[in-house]
Amino acid sequence: MIPARRIFAIPRRGTARADARPSEGTDGGAGVVQVLLVLVLLVAALACGVPTPPSPTATLPPTAPAAGELLTVLFLDVGQGDATLIRSPGGQTMLIDGGNGASDADDVILPALQAWGSDRLDVMVITHPDQDHIGGLSRVIELVPVGKVVLTGQVHTTQTYERLLIAIRDNELPAVRARGETSLDFDPALTTSILGPTDALVESDDTNNASIVVRMTYGAITFLFTGDAEETEETVILRDGADVQAQVLKVGHHGSRSSTSPDWLQAVSPEVGIISVGEDNPYGHPHPEVLDLLSQFGVRVYRTDRQGTITVVTDGTSYQVSTERDDE
Ligand SMILES: [Zn+2]
């Protein structure tokens, strides 16, 4: 296995390529050009990366959990956005997405990490470049060491995404390109796979349907983290024959009707569905059709807008769900 840091290095400030770094407060056309330069450099670096080999773990039985070692997953309440913090049985930490802004990092993500006694993130997964998933990530990078970043490299020209890419580069964080049907190096006690996106989805300008979809298994218990993947990406993943079954499903795209097709739900066959959503959000998430479908499939639904942060803890044999507050 090639160490992540050798896959590629994002150009550092102070090199010739650092000309792509925009000056503070720059806006308008020059800023856009600079953003594009940063993105082109990143994508070029990604394209030169050594592709992750097909998952050798896919055909292996899951590692048997050792007694007393727990996998803890926090679906953090960051309003209308996503941030999922994971502590593995071996004590490694992973953050999948980072809420809307720096305050989500300061008030929610970092306190949760500190409450575990962790002072670093081993893995940061950026499912896709939309604001409600990346807003707090630059702040996280500013305040705690990050072992590696996993991202798609999709081109997206917003100031927030530009700032994040610059933070990754300036902190010299190893970055790994995520594509479907590969394994993600995390904790050997877990089987952690990336199910999507495909190259074709990343090359489109549809950010939601180029979300990184992660499946994580500990013993007999599996989680599926879907970002904002919609029916288009769900269909591609199912078409490619990936095993998507999971007891705990992070319901796609905040419970939007554009995600969670009946075929997807049938294949995942979850017992618990987590919806990360803001109270009275302008999108009407979660949509009633999705809630009805989850109900028809007998899925127990938890919502961050009503119950705050939702915690799932498993020893690899069974799992427990707890909520920050009672349903209102
Ligand atoms: Zn979103």
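## What buried means

A residue is buried if 20 or more other C-beta atoms lie within 10 Å of its own. Keep that cut-off in mind for helix 7. This helix spans residues 231–239. Its buried residues are Glu233, Glu234, Val236 and Ile237. These residues cover an arc of only 160° around the axis, so they sit on the same side of helix 7.

What do the buried residues of helix 7 pack against? They pack against strand 8 (191–196) and strand 9 (213–218). They also pack against helix 6 (199–203) and helix 8 (262–268). Just after helix 7 comes Gly241, with a positive phi of about 80°.

## The chain as a whole

This is a predicted model. The chain has ten helices and 15 strands. It has 328 residues, and 49% of them count as buried.

Now take the contacts in the chain with a separation of 6 or more. Residues 24 or more positions apart account for 69% of these contacts.

## The open sheet

Strands of a sheet pair through backbone hydrogen bonds, either parallel or antiparallel. Here, eight strands form an open sheet with mixed pairing. Their order is 6-5-4-3-2-1-14-15. Strand 6 (175–177) and strand 15 (319–323) stand at the edges. Each has a single partner strand, so one side of each is left without a neighbour in the sheet. From one strand to the next, the twist averages 15°.

## Strand 3 and its partners

Strand 3 covers residues 93–96. Which of its residues are buried on each side? Thr93 and Leu95 are buried on one side, and Met94 and Ile96 are buried on the other. Both faces of strand 3 are therefore covered.

Strand 2 (84–87) runs antiparallel to strand 3, and four bridges join the two. In one pairing, Leu85 has Leu95 of strand 3 as its bridge partner. The two strands form a hairpin, with five residues between them. Gly91 lies in the turn and has a positive phi of about 90°.

Strand 4 (residues 121–125) runs parallel to strand 3, and three bridges join these two. Leu95 also takes part here: its bridge partner in strand 4 is Met124.

## Helix 2 over the sheet

Helix 2 spans residues 102–115. Which strands does helix 2 lie across? It lies across strand 1 (71–75), strand 2 and strand 3. Helix 2 runs at about 10° to strand 2. Together, strand 3, helix 2 and strand 4 make a right-handed β-α-β unit.

## Strand 14 and Thr314

Strand 14 covers residues 310–314. Five bridges join strand 14 to strand 15, and the two run antiparallel. Val313 has Gln320 of strand 15 as its bridge partner.

Thr314 lies in strand 14. Is Thr314 buried or exposed? Thr314 counts as buried because it has 23 C-beta neighbours inside 10 Å, and the cut-off is 20 or more.

Thr314 and Val73 are 241 residues apart along the chain. Their C-alpha atoms are separated by 8.7 Å. Leaving out residues up to four places away in sequence, Thr314 touches Leu70, Leu71, Tyr218, Ile221 and Tyr319.

Methods. Residues numbered from 1 in each chain as written. Predicted model: local features only at pLDDT ≥ 70, side-chain atom pairs only at ≥ 80, totals over all residues. Pairing = 2+ DSSP bridges. Axes fitted to C-alpha atoms, helices over the stretch in contact; angles between N-to-C directions. Contact = placed C-beta atoms within 7 Å. Buried ≥ 20, exposed ≤ 12 C-beta atoms within 10 Å, placed from the backbone. Arc of directions from axis to C-beta. Right-handed = clockwise from strand over helix to strand, strands pointing away.
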